[in-house]
Amino acid sequence: RPTGPAHASKAAATYQRQLRSQIQGDRSPSLAEWGPLLDQVAPGAVKDAFAPVLAERLAAATRAGIDAAALVRDAAGTRALPDDHAAAALWWRVAGHLTPAVAAAGAGAGQLLSTAWVPTLTSKLGDDRTRAMQASTWWPALVTTVDHALQRGWSLDDLADTAPAPGADVDDAAAMTWTISTLLDDPTHLPQVVGPHHEDLEPGAAAADPHPVSLQATDAEYRQHLDTITTTISPATDPADQHDDLDAAQVSAALALAARYRQLMGPLEPTDADLQRAYDRAMQAWESPVTVERLAQVNAMALHFYELQLAAGGWARDYLADRFGQDVAAHPHVRPGYAPAGWTRLLDHLRNQGVTDTELQTSGLATTTTDGRLIDRFRDRAVFPITDTSGQVLGFVGRRNPSICEDVPYAGPKYLNTPTTPLFAKGDQLYGADARLLAAGATP
């Protein structure tokens, strides 16, 4: 907030809202553009503190070629908006049409996802634009959005045609993600509708799955499994006798087929909840006051500090050596560290390295006390970095000093994670999925 943390008392909170409204006003070009429409379809929405954010998102949707004005009118016309947070409620309804099929992992720039259709995209848009799209924080969202559309029968050529015109003042990956996701939901909001081509289908016939699961034998072992199943499993003449006909060979053969099918079926299609959660993660990264690249850099600086503290010795190093059966300090895969006791040891170190308080708070390395001071989140803890397969440090998990009981003031939980940030969300990463181990054949 431009006026700082929200005040608790009613008088101060009221004054703060008025001050924030004066500061924000209609100085945002997007709000100046969209304010009249918002005031027309949803009186009171412009006064919502979320209104500038809503206007920025609508402007971005418009740059992507989406009829955002029609979306707003439709959303406002469904039912009355609440008196409080009208702009946020309006966006929630609009987002129902814009929710992209984004990757479930909280991905950002620097996390390059490979996909088979990149060469086709390159041939359509050129090397420079494709590389820029892959570097965008929206690239993971675009990958899964396109894959989802392909599964529903859209052609890659049609999807590539949704890219904005060359030189447009818009993130190509974001524009395509929003456009395709809107097109999958309701193509009437797009200026030009393209879609799956099934001219060869009879009226009323269902489109064939563009990526059917193939159970054709691909190796001698699988052919042998199929032969075993064919010769072992035969339908019972009487349904009542089916249970008696099952034996170990039949069950083993059926399980072998199920295992092979599972290998060939590919990833499950994301649920609506998956898509909404991943979309929210992408929006959080987009709106972050600190880029995800900078957050990863600050986390790497913190990890280096923690590793040096562990190397100096102390209870954390001895404790980890006892648990692992060896000294793991400086281990290239585990990379443990120690967050020293004290309120601002890490903060003081990183501030001397040029890290700002905003970066410290956004990264989750710092937390705020009741009187507004910043302190270290991890104190007197053995810490482990949580990384992606490229080695980028996303966050940390810290183990409390085992000699401290839970009832000690400020002891904190036994295990403490980095809070949700634009770079990290608990549950989005597989801990320990090291690229070198995976390349060597390790099974997650």
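A helix crossing is called right-handed if the near helix is turned clockwise from the far one by less than a right angle, and left-handed if the turn is anticlockwise. That's handy for the helix pairs below, all of them taken from a predicted model.

**View 1. Helices α2 and α4, side by side.**
Here we're looking at α2, which covers residues 29-41, and α4, which covers residues 68-78. They pack at an angle of about 20°, and their axes are 10 Å apart. Angles under 35 degrees count as roughly parallel, and α2 and α4 are therefore roughly parallel to each other. As for handedness, α2 passes α4 in a right-handed crossing. On the α2 side, the contact is made by W34, L37, L38 and V41, and α4 brings A68, A69, V72, R73 and A76. Sort those residues by class and you get eight nonpolar, no polar and one charged.

**View 2. Helices α6 and α7, crossing at a slant.**
Next up are α6 (residues 118-125) and α7 (residues 127-135). Their axes come within 7 Å and cross at roughly 130°. That angle makes α6 oblique to α7. From α6, the residues to pick out are V118, L121, T122 and L125; from α7, they're D127, R129, T130, M133 and Q134. This contact is a mix by class, with four nonpolar, three polar and two charged residues.

**View 3. A close look at H148.**
Which helix holds H148? It's α8, spanning residues 139-151. Is H148 buried or exposed? Its relative accessible area is 11%, and anything under 20% counts as buried, so H148 is buried. Now find S181: H148 and S181 are 33 residues apart in sequence, while their C-alpha atoms sit 9.3 Å apart in space.

**View 4. The open sheet, strand by strand.**
This sheet has four strands, in the order β1-β4-β5-β6, and the pairing is antiparallel. The edges belong to β1 (337-339) and β6 (415-417); each has a single partner strand, so one side of each is left without a neighbour in the sheet. Neighbouring strands are turned by 35° against each other on average, if you ignore direction. If you're tracing the pairing by eye, remember that strands of a sheet pair through backbone hydrogen bonds, either parallel or antiparallel.

**View 5. Strand β5 and its two partners.**
Zoom in on β5 (residues 393-400) and you'll see β4 (residues 381-387) running antiparallel to it, with seven bridges joining the two. Two spots are worth clicking on: I386 stands opposite G395 in β5, and V383 stands opposite G398 in β5. The hairpin of β4 and β5 has five residues between the strands, and G391 takes a positive phi near 90° there. Over to the other partner: three bridges join β5 to β6, and this pair runs antiparallel too. Look for R399, which stands opposite Y415 in β6. How many residues of β5 are buried? Eight of its eight, making β5 a mostly covered strand.

**View 6. Helices lying on the sheet.**
Helix α15 (residues 292-311) lies across β1, β4 and β5, and runs at about 35° to β5. Helix α16 (residues 315-324) packs on the sheet as well, touching β1, β4 and β5, and its direction makes about 65° with that of β4.

**View 7. Helix α15 meets α17.**
Besides the sheet, α15 packs against α17 (residues 345-352), at an angle of about 125° and with the axes 11 Å apart. That makes α15 oblique to α17. The crossing, as α15 passes α17, is right-handed. V298, M301, A302, F305, Y306 and Q309 make the contact from α15, and R345, L346, H349 and L350 make it from α17. By class, the residues divide into seven nonpolar, two polar and one charged.

**View 8. Zooming back out.**
The protein has 19 helices and six strands. Of its 444 residues, 42% count as buried. Take the contacts between residues at least 6 apart in sequence, and 67% of them join residues at least 24 apart.

Note on methods: Residues are numbered from 1 along each chain as its sequence is written. This is a predicted model: local features need pLDDT of at least 70, side-chain atom pairs count only at pLDDT 80 or more; totals for chains, interfaces and linings use all residues. Side-chain values use heavy atoms; hydrogens and water are left out. Two strands pair if DSSP finds at least two bridges between them. Axes are lines fitted to C-alpha atoms, for helices over the stretch in contact, and angles run from 0 to 180 degrees between N-to-C directions. Contact means heavy atoms within 4.5 Å. Buried means under 20% relative accessible area, exposed over 50%, partly exposed in between (1.4 Å probe, protein chains only). Angles under 35 degrees count as roughly parallel, over 145 as roughly antiparallel, 65 to 115 as roughly perpendicular and the rest as oblique. Ala, Val, Leu, Ile, Met, Phe, Trp, Tyr, Cys and Pro count as nonpolar, Asp, Glu, Lys and Arg as charged, and the others, Gly among them, as polar.
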